[in-house]
Amino acid sequence: MPEGDTVWLAAKNLHAALAGQTLMRTDFRVPRLATTELTGRRVLEVVPRGKHLPTRIEGRLTLHTHVRMEGSWHLFRPSEPWRGGPVSDVRVVLVVPDRVAVGYRLLAMPEPAESCRASSGSAWPPRRASRAS
């Protein structure tokens, strides 16, 4: 089961690979998103929120993924074979010029822009919630 540090590291790596890049191809292998096309839009940021990884995309769009019990994101070079599980476990593919982000065994859903809180604009490091002692 992915823990907080694993999810945080996944968000950091996804942000480094995708933020500021234009999506060249997207492939959503979940029924609710099967016809969604985000090609040509720029990825703004990927931020961790517990086990949730909202990916902010220009046009006030957010791809909301949750790693569940066994989900994971993997980054590959465009010519590199995918490793991370069987192809039947792939739920999301995001392609930018020099990286392919593949989400295995994820819960993926669109998130209305109105429900997303804007980030500080500087995603890394993300602001941590302060805790009262």
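This short talk describes one sheet and some charged pairs in a predicted model.

Residues are numbered from 1 along each chain as its sequence is written, and side-chain values use heavy atoms, with hydrogens and water left out. Because the model is predicted, local features need pLDDT of at least 70 and side-chain atom pairs count only at pLDDT 80 or more, while totals for chains, interfaces and linings use all residues.

I begin with the sheet. Four strands (DSSP runs of E, at least two residues, numbered from the N terminus) form an open antiparallel sheet in the order β1-β6-β7-β5. Strands count as paired if DSSP finds at least two bridges between them. The edges are β1 (25-28) and β5 (72-76); each has a single partner strand, so one side of each lacks a neighbour in the sheet. Between β1 and β6 there are 4 bridges, and aspartate 27 has valine 93 in β6 as its bridge partner.

I turn now to the charged pairs. The structure contains 4 salt bridges, each defined as a side-chain nitrogen of Lys or Arg within 4 Å of a carboxyl oxygen of Asp or Glu. One of them joins arginine 29 to aspartate 27, with the closest N and O atoms 2.8 Å apart. Another joins arginine 56 to glutamate 45, at 3.8 Å. Arginine 56 lies in β3 (residues 52-57) and glutamate 45 in β2 (residues 43-46), so this pair ties together parts 11 residues apart in sequence.

Are these two residues buried or exposed? Arginine 56 is buried, at 10% relative accessible area, and glutamate 45 is also buried, at 6%. Buried means under 20%, exposed over 50%, and partly exposed in between (1.4 Å probe, protein chains only).
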